[in-house]
Amino acid sequence: MQHFFLTALILLSPALISSATAAEKYALLVGVTKYNDAKMNASALKYPEADATAVADLLKKSGYSVDLLIGKQATKKAVEAALKRVAKEGNVNGVVLIGLFGHGVQYGRNAYFGPFDTSARGVTDSQGNLFDKNGKLILEPDPETMVSMRSLLDALTLSPAKNKIMLSDCCRKDPNAARFRRMHIAFGAGLTAADLPEGMAALFACSRDGQAFEHDDWKHGAFTKAFLDQVGPNVANGYGTAGTLAERMNWKVRQMVRDKTNGRSRLTVTYINSGIVDLQLVWLERDKLITNGIGMKLTLIPAGEFLM
C-alpha cells in the first residue's frame with residue numbers, strides 16, 4: 001500500500017507542478033513614452049510609462065501576477081516573447097489582461113501597437129505623392145517593426161483563462177499626422193465583437209475618429225486616470241465586470257476632458273465584448289490599519305468563510 005501511494009504521488013506531481021506555474025490572475029502591461037527612433041517622437045508623449053506602472057501597482061494589490069515592460073525594455077522581441085507567456089497563463093476561474101500605453105496606429109482593418117524600437121518608413125499619400133507640401137518625405141510607422149493586434153488576440157485566444165481583457169490607452173497623438181489621411185482612425189477601430197475570442201472585453205481610450213488625451217495635472221492619460229480612479233475606490237462595491245467598468249470610465253473620461261478643455265473637446269471610451277468579463281478585482285491589503293472614532297485600530301479582512 002505504501003509503495004502504491006508513492007507511485008501515485010510521483011505520477012501526480014508533474015500535473016500539480018504544471019498547475020502551480022500558471023497564474024490565476026495575470027497581466028502584461030507595456031508602456032512607451034519615448035521611442036528609439038526620433039521620428040516617432042515628433043508627437044511627443046509624456047505619461048504612458050507612468051500609466052503602465054500605476055496600473056501594475058493597482059493590479060498587484062488585487063492579486064495579479066504582473067509582467068511590466070516599459071521604455072527600453074519594451075522592444076518588439078520582448079513584447080512578442082511576453083505574449084507567449086500570456087498564451088499559457090490563467091485558468092478556468094482566472095483572468096488574463098493585456099494593457100497597452102503609447103503609440104498605436106490603424107491601417108485599414110489592421111491595428112499595430114508601437115514598441116520601443118518602432119521605426120518609420122517612407123510612403124505615398126492618397127494622391128501618389130512621396131513628399132508633402134513642404135517638400136519633406138512622407139513618413140509613417142512601419143508595421144513590420146510593430147506588434148500587431150492579431151498577435152495580441154491570438155495570445156488571448158490561446159490563454160486557458162475564462163476572462164480576458166485588453167486595455168488600450170493609445171492614439172494620444174498621431175505619429176503619422178503628416179500623411180494627409182482623409183480621416184484619422186484610432187487604434188483598434190477596425191475591431192468588432194466577432195474578432196474577439198469568447199469571454200473577452202476590449203476597452204480603447206477613444207472612439208473611431210477620436211484622439212486620446214493626457215494632462216499634466218493628472219500625470220496620466222485620461223483613460224488610465226479614469227481606470228485608476230474608478231477601480232480603486234469601487235472594487236468592494238462590485239464594479240469588477242468590464243461592462244460596468246467601461247460605463248463608469250466613459251462617464252469619468254468625458255467629465256475630465258470637458259473640464260480641462262472648457263467643453264471644446266469630447267472623448268468617448270470604446271467598449272467591445274464577447275461575453276461578460278470579470279476582472280476579479282479585490283483588495284488584498286490585509287495589513288493596512290484603519291483607526292475608528294474611538295481610537296481602535298482595525299484591519300480589513302476579505303469576505304469569506306472559516307471553520308471555527
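Helix 6, which spans residues 242–260, lies across strand 9 (163–170), strand 10 (200–204) and strand 13, and its direction makes an angle of about 10° with strand 10. The model in which this packing is seen is a predicted one, and its chain contains six helices and 15 strands. Of the 308 residues in the chain, 46% are buried, and among the contacts with a separation of 6 or more, 74% are between residues 24 or more positions apart.

The three strands crossed by helix 6 belong to an open sheet of six strands, whose order is 2-1-3-9-10-13 and whose pairing is mixed. At its edges stand strand 2 (65–70) and strand 13 (270–273), each of which pairs on one side only. From one strand to the next the twist averages 10°. Within this sheet, strand 1 (residues 25–31) and strand 3 (residues 95–102) run in the parallel sense and are joined over seven bridges, and one of the residues involved is G31, whose bridge partner in strand 3 is F101.

Helix 5 (residues 222–234) offers a residue that can be followed in detail, namely Q230. With a relative accessibility of 7%, Q230 counts as buried, because the limit for that class is under 20%. Which residues does Q230 touch once its neighbours within four places in sequence are left aside? They are L245, R248, M249 and K252, and these positions can be compared with the range of helix 6, residues 242–260. With R248 there is also a polar contact, made between the two side chains at 2.9 Å. As for K252, its C-alpha atom is 8.2 Å from that of Q230, while the two residues are 22 apart in sequence.

Away from the six-stranded order given above, strand 4 (residues 104–107) and strand 5 (residues 110–113) pair in the antiparallel sense over four bridges. The two strands form a hairpin with two residues between them, and G108, in the turn, has a positive phi of about 65°. Across this hairpin, Y107 stands opposite N110 in strand 5. Strand 5 also pairs with strand 8, again in the antiparallel sense, over two bridges, and there Y112 stands opposite S148. The structure holds two aromatic pairs, and one of them is formed by Y107 and Y112, whose rings are 6.1 Å apart from centre to centre and tilted, with 45° between the planes. Both Y107 and Y112 are buried.

The charged side chains give a further view of how parts of the chain are connected. Side chains of opposite charge can pair when their charged atoms come close. In this model the count comes to 11 salt bridges. One of them joins D67 to R85, with 2.9 Å between the closest N and O atoms. Because D67 lies in strand 2 and R85 in helix 3 (residues 76–86), this pair ties together parts of the chain that are 18 residues apart in sequence. Both partners are partly exposed, D67 with a relative accessible area of 23% and R85 with one of 32%.

Helix 3 also contains a salt bridge within itself, since E80 and K76 both lie in that helix, four residues apart, or about one turn. The closest N and O atoms of E80 and K76 are 3.9 Å apart, and E80 is partly exposed, with a relative accessible area of 35%.

A further salt bridge is formed by the side chains of R121 and D142, at 4.0 Å from N to O. R121 lies in strand 6 (residues 120–122) and D142 in the loop between strand 7 (139–141) and strand 8 (147–148), so the pair ties together parts that are 21 residues apart in sequence. How do the two partners fall, buried or partly exposed? R121 is partly exposed, with a relative accessible area of 32%, whereas D142, at 15% relative accessibility, counts as buried. Finally, salt bridges that share partners join D67, R85 and E89 into one network.

Methods. Residues are numbered from 1 along each chain as its sequence is written. This is a predicted model: local features need pLDDT of at least 70, side-chain atom pairs count only at pLDDT 80 or more; totals for chains, interfaces and linings use all residues. Side-chain values use heavy atoms; hydrogens and water are left out. Buried means under 20% relative accessible area, exposed over 50%, partly exposed in between (1.4 Å probe, protein chains only). Contact means heavy atoms within 4.5 Å. A polar contact is a pair of N or O atoms within 3.5 Å; within protein, one must be able to donate a hydrogen and the other to accept it, and residues adjacent in sequence count only if both atoms are side-chain atoms. Two strands pair if DSSP finds at least two bridges between them. Axes are lines fitted to C-alpha atoms, for helices over the stretch in contact, and angles run from 0 to 180 degrees between N-to-C directions. Rings of Phe, Tyr and Trp (its six-membered ring) pair if their centres lie within 6.5 Å; planes under 30 degrees apart count as stacked, over 60 as edge-to-face and the rest as tilted.
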